[in-house]
Structure formats: structure tokens, C-alpha cells
Amino acid sequence: MKKEYWITPPDLYKKLDEEFSFDFDPCPYPHKDGFDGTVVDWGHSTYLNPPFRKSDGKFGKGPTAFIRKAIEENKKGKTVVILINTNAFINMLIEAGAEMRSMGRVKWLDGKTNEAWKNPSNTTCFILRNKKR
């Protein structure tokens with residue numbers, strides 16, 4: 001599969017950099033030979049535009065590897081700003097002020113057989129609370 005690289009629009013990056021003063025990018029483009037952003041220490045304020053798919057990443061690492069590393073670095077007291085593509089309906093829920101909860105890997109039930117899926121899927125619960133109370 002062909003590798004794809006998606007570059008952050010400069011005006012968007014500049015706006016974020018003005019707010020967060022980035023000092024590290026674990027996914028630089030053009031890529032540095034032999035550089036793997038998932039195995040080095042990150043800066044105090046990191047900008048992360050991870051590969052969109054595993055096939056796009058260097059060393060066979062996709063977005064999940066970079067998100068895991070971002071969480072690890074954040075636990076060390078570092079700031080990580082992650083720009084990652086999402087479905088439009090997710091952004092709609094966030095913009096509407098939805099609360100979010102990870103439900104883990106849900107074993108959905110087949111509507112005909114009532115049997116659980118063999119491969120559970122990651123699921124998020126979104127809550128739009130009544131704001132008129």
C-alpha cells in the first residue's frame with residue numbers, strides 16, 4: 001500500500017503554536033532517516049499529527065502507537081497537542097458539548113442470533129445532558 005503524508009496547514013499550526021509554544025514534533029516531515037518518534041523522549045510541549053493509518057507510519061507504526069506514546073509522555077507532566085482526523089458526527093457531538101466516556105471494547109450482540117461479536121469494538125458513550133434544568 002502506498003504511504004500517504006498529510007501536512008498540517010501552516011495557518012492552523014501557527015495558531016496552535018502561538019498558544020502552546022511547541023518544542024517537539026515526533027512525526028516531522030520530511031522524515032529524518034532512522035528517526036522513530038515513538039521511542040524517544042518528547043519535549044515539554046509536543047505537536048502531534050500522527051499517521052492516519054498504520055500503513056502510512058514509519059516502522060509500521062500507526063496512530064495508536066503515537067497516541068499511546070502521547071499518553072505516556074503526558075503522564076510525565078508534558079503537554080501534547082494531538083491533531084487527528086475524526087468522523088464529522090464526532091465533531092458535531094463535541095461542539096454540542098457532549099460528555100464522553102470510554103466504554104472499552106464492547107461485544108455487541110447480533111440482532112438475529114443474540115451472539116456476541118467475536119471481535120469487540122472500541123466504543124465511546126456520548127452524553128448530551130438536559131441544559132434546561
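Select G43 and T46. In this predicted model, the backbone nitrogen of G43 lies 3.4 Å from a polar atom of the T46 side chain. Keep T46 on display. T46 sits in strand 1, residues 45-48. Is T46 buried or exposed? T46 is buried, because its relative accessible area is 0%, under the 20% cut-off.

Now show what surrounds T46. Leaving aside residues up to four places away in sequence, T46 touches F22, D23, F24 and P26. On the other side of the numbering, T46 also touches T79, V80 and V81.

**The nonpolar core**

Select C27, W42, L48, F66, A70 and V80. These six residues make up the largest nonpolar core. V80 links this stop to the previous one, since V80 belongs to the core and is also touched by T46.

Centre on F66. Which residues does F66 touch, not counting residues up to four places away in sequence? The list is P26, C27, G37, T38, W42, L48, P50, P51 and K61. Among them are C27, W42 and L48, which are core members too. P26 is a contact of F66, and P26 is a contact of T46 as well.

**The cysteines**

Stay on C27. At 16% relative accessible area, C27 counts as buried, because that value is under 20%. Now go to C125. C125 has 25% relative accessibility and counts as partly exposed. How many disulfides does the structure hold? The number is zero. A disulfide is a covalent bond between the sulfur atoms of two cysteines.

**Helix 2**

Select helix 2, residues 63-75, and pick out R68. R68 is exposed, with 60% relative accessibility. Add T38 to the selection. R68 and T38 are 30 residues apart in sequence, yet their C-alpha atoms are 8.7 Å apart. T38 has already appeared on this tour, as a contact of F66.

**Helix 1 and the loop after it**

Colour helix 1, residues 10-20. One of its 11 residues is buried, so helix 1 lies largely in the open. Pick D11, within helix 1. D11 is exposed, at 58% relative accessible area. Draw a C-alpha distance from D11 to F35. The pair is 24 residues apart in sequence and 26 Å apart in space.

Step off the end of helix 1. S21 follows, with a positive phi. That phi is near 50 degrees, in a residue other than glycine. S21 is exposed at 52% relative accessibility, and it lies in the loop between helix 1 and strand 1.

Continue along that loop to P30. The peptide bond from Y29 to P30 is cis, with omega near 0 degrees. Most residues other than glycine have a negative phi, and most peptide bonds are trans.

**Helix 3 and the last strands**

Jump to helix 3, residues 88-95. How many of its eight residues are buried? The number is zero, so helix 3 lies largely in the open. G97 follows helix 3 and has a positive phi, near 85 degrees.

Next, select strand 3 (99-106) and strand 4 (121-127), with the loop between them. N114 is in that loop. The phi of N114 is positive, near 65 degrees, and N114 is a residue other than glycine. N114 is exposed, at 55% relative accessibility.

**Zoom out**

Show the whole chain as a cartoon. The chain has three helices and four strands. Read along the sequence, the pattern is α-β-α-β-α-β-β. The radius of gyration is 18 Å, well over the 14 Å that the globule rule gives for 133 residues, so the chain is more spread out than a compact globule. Along its principal axes, the C-alpha trace spans about 50 × 45 × 30 Å.

Switch to the surface. The accessible surface comes to about 10000 Å². Carbon and sulfur atoms account for 55% of that surface. Of the 133 residues, 26% count as buried.

Last, turn on contacts for the chain. Take those between residues at least 6 apart in sequence. Of these contacts, 53% join residues at least 24 apart.

How values were computed:
Residues numbered from 1 in each chain as written. Predicted model: local features only at pLDDT ≥ 70, side-chain atom pairs only at ≥ 80, totals over all residues. Heavy atoms only, no water. Helix = DSSP H or I, 4+ residues; strand = E, 2+ residues; numbered from the N terminus. Buried < 20%, exposed > 50% of the residue type's maximum accessible area, 1.4 Å probe, protein only. Core = buried A, V, L, I, M, F, W, Y, C linked by side-chain atoms within 4.5 Å. Contact = heavy atoms within 4.5 Å. Polar contact = N/O pair within 3.5 Å; in protein donor to acceptor, adjacent residues only side chain to side chain. Disulfide = S-S within 2.5 Å. Rg over C-alpha atoms; globule rule 2.2 N^0.38 Å. Areas by Shrake-Rupley, 256 points an atom, 1.4 Å probe, with all protein chains shown as cover.
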